[in-house]
Amino acid sequence: MDALRIGGVISGMDTNALVEKLVSQARIPLDNLEAKYNLKTLEKSVYKDISDRLNTMRTDLFNLKLESTFKNKNSTSSNNSVVSATVTPSAKVGSHTVEVIQTAKNSYSLSQFTRAKLQLNSAGVTSITGRPTDFNEGVHDVSISDDGTYYVSTDSFKFNELGQLKKVTGGSNVTNVDSYGNFTSSSTGTLLLNVASNTYTINLTINSGDDINSITNQIETSLNNQLNTQYNTSNIQYFSVRADYNSGNWRLGFYSTSSEQLDLSITGGSLQSGLGLSTTTTSTVSEMKKYHVGNSYSNLLTKINNSTGGLIPGVTFNTAALSSGIMKIPQDATLNVSAATYTMIYGAQVTTGTLNTSVTGLQNAGFSTAPTSATNGTFTINGKKITIADYTQISVNDLIAQINSSGAGVVASYNTATKSFELKSTTLGSSTISLGDFSDTSNILSIMKLTVLSGAQTVTGKTFGTVDTTSTLVQSGLTATVIKGVFTINGVSIYVDPDVDTLDSVISKINNSGAGVNISYERSRDKINIVSTNGIDKIKFGSPSDTSNLLEALNLTDNTTVQKEIGYAGQNAVVNVDGINYVRKNNSISDIIEGVTLNLKSASPTPVTIDITVDTTKAVEYMASFIKHYNELVEKLNPPKINKEDQKYLKALTTADKNKMSETEVKNYEEKWKTLNTYEIIRKSAEFRNLKNSLRSNLFSDLTGITGKYNNLSQIGLNIAGDGDLEILKKGYLVKDTTDLDAIKSQLQNNSTFINAITNYPDDVFNLFAENTTTATGWARRIENTIKSYSSVGGSIYDKIKTYGTIDRQILNLAEAMDRTQRSVDAYYERLWSQFSAMESRIAELQARGNALAGIISSITGGTK
């Protein structure tokens, strides 16, 4: 229709009102069709809503058919740190006693063969060669000194990963040994040592002239070999034995150098007394000392390089002439041997005699360059000004203390062996120590021989080294140079090319080789870890046919051409369950108690109780969900009655009605129309009545052929809500008169009949809900079949709401009728306007003729009346 038309200009009639009135009467059939269309559309949405609710219930019913819903079990352990358990629905309710005698573990090894590296040296040593024969990891701080008679090497060894060490020291000096540490006569005998309640016999052969360090090495080697056999390990340095030196006297010391920190005592043996071990003292120390004493530098060098009793047995110190000085030698099993160090300044010798560090007055101390008045004033270290007010009133020790307390970031000390001062940075790594400033007025740094001009040397500190796993082995930073060729693990040969392979690629080759190991690089420790994946035997490294030294470079063996079983052997698990011992390869054991997997964590002589109970959580949760959705459906299928006052809202508004109402009034009316017509659709629906009756009749009917003690819901405590209240009973809610999920859960949890049935007879409850045989259909399956007969393909509700189903065809017919009626109304509207327009034109024409006739008459009569 046109938005605006104007009529009645000639006739004076209200043409618009007449047309609208006539068209309004013509629209009544269209309004009726539209009302039917909207009602039918609402009907489809109502049926669709019921169908969706039924499908939601089918999901609930699926969960109620699962074995795990009713037969799920919980397990609790009286000591989870020893053993825990996981259970399946097949586990039987009850208690079990479990004693973990031994947990299983795979054999494993790691980079444990140590290397030594000369990192700092002022003792005339040009290089070192060889590999240490012990397995201690740490840093040797070695000083070489002499007083013209005794040439002494002192090794202070600090461990990388051990803080305090247990030390057992002989109560008396070793007899039959001179002040140089050489035995003066030969003897043989035994020493009895007790470690962890086991006694070990050490057989010793002492030859006249043997250095005491060779004898301590005999004791150390024999004891560690026996302990490795006892504990089924390899290459573990349980104890280190050293000889303490003090003014020509020697005493033996036993250091516990493994992570276990085992206790040791000397209990006897024919050599106990002669070695000064009849009594002992026990102490805790932070470093391990080793001494060599010779009558000349060459004699001292011979002792240091002794293959068994040397400074580092297995390592040779190469030098044209040994001299007083210091050496720092990191020794460990890392792939890149490099101890973290401090930046050091080593001053030149400040005296040819003895420096008296405690006498008052620096001029009295014995400096080669005597202090003068120029010594007073300020000097600078790392930008920090330090003042000497009066050099005649302080000692060398006072001067050192003044430097150390200045906050300059250094530690000053005097080395009596080298007769020189040293400055050490307080920060590990490549920090710098700057000495002097143009404004200094004191010459003390020159007197202390700490300046470059006076001969001091600076050694920049380093941080711990690691290897680059992504660079080729040649460029990775490995301490050892890798040779191209074949290496062998557990009899499986693997090829390596150091110019091509990286550590990452080698690790991948090994792990995929079939050698039965898993190897990894631990960056924080710069070591290789290797674990067996298929056995408890020690891992075998090397073969006579090996041509590559890779295993040596990774510190996994010390000779790759000899097959060795190295590292820690694995072990099977041993567990006692309910009085019977079982041996298994793994700590996860699922073949002893049906449906139960025991997870062994640690051995303990105290039995652990494993309790297996029914878990009611799922049953309550899934049952509550079904009841909630069932009650919602029941509520939907039982609409309230419509009172007489509200019946007017069942009629749809016509266009004319809407034109007389405000927007808010139309909205409120249409909401009531939708609600009340939904009630009517449900009330009048035969399908919904049948559905309601089918569900209720099947809900509590007895089921035939069900295995177990239950054949209906009432027997497990599930009934229609109401408990005798007819009004509530009539509604048909299940269990509780509510659709609130939490309230339903609470009702079920407090339903002792329901909980007891699940707890004590889970198999019977499961059968009640889910049994599916030729003679019996469980409750959940029966309700599911009922729902399918309505909402699945071929069901009465499905056929109504499916695409082009019953309702869709009715809606389509109504839409077509509406379209035809709308076209008829539009044509009628146009016809009315055409007729009224023709009438107006005719009237206008007649008026024009009348006016013309009047003019003619007036002209004939002369204009007179």
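Which side chains meet in a salt bridge with a distance of 3.8 Å, N to O? Let's work through this and a few more exercises together.

This is a predicted model, in which local features need pLDDT of at least 70 and side-chain atom pairs count only at pLDDT 80 or more, while totals for chains, interfaces and linings use all residues. Residues are numbered from 1 along each chain as its sequence is written, and side-chain values use heavy atoms, with hydrogens and water left out.

**Exercise 1. Find the pair from the opening question and say how accessible its partners are.**

Step 1: Recall what a salt bridge is: a side-chain nitrogen of Lys or Arg within 4 Å of a carboxyl oxygen of Asp or Glu.

Step 2: The pair is Asp799 and Lys802.

Step 3: Sort by relative accessible area (buried is under 20%, exposed is over 50%, partly exposed is in between, with a 1.4 Å probe and protein chains only). Asp799 has 27% and is partly exposed; Lys802, at 33%, is partly exposed as well.

**Exercise 2. Explain how the salt bridge of Asp134 links distant parts of the sequence.**

Step 1: The side chain of Asp134 meets that of Arg242, at 3.9 Å from N to O.

Step 2: Place both partners, using strands (E, at least two residues) as DSSP runs numbered from the N terminus. Asp134 sits in the loop between strand S7 (125-130) and strand S8 (138-146), and Arg242 in strand S13 (residues 239-246), so the pair ties together parts 108 residues apart in sequence.

Step 3: Check burial. Asp134 is buried at 8%, and Arg242 is buried at 7%.

**Exercise 3. Do the same for Asp141 and Lys328.**

Step 1: The closest N and O atoms of this salt bridge are 2.6 Å apart.

Step 2: Asp141 belongs to strand S8 and Lys328 to strand S19 (residues 325-332), so parts 187 residues apart in sequence are tied together.

Step 3: Asp141 is partly exposed at 30%, whereas Lys328 is buried at 15%.

Step 4: For the wider picture, a search of the whole structure finds 28 salt bridges.

**Exercise 4. Describe the lining of the second largest pocket by class.**

Step 1: Count by class (Ala, Val, Leu, Ile, Met, Phe, Trp, Tyr, Cys and Pro are nonpolar; Asp, Glu, Lys and Arg are charged; the others, Gly among them, are polar).

Step 2: A pocket is an open set of points on a 1 Å grid over the protein atoms alone, where a 1.4 Å probe fits, with protein on both sides within 12 Å along at least five of seven lines; lining residues have an atom within 4 Å of a point.

Step 3: The lining has seven nonpolar, nine polar and five charged residues.

Key:
Helices (H or I, at least four residues) and strands (E, at least two) are DSSP runs, numbered from the N terminus.
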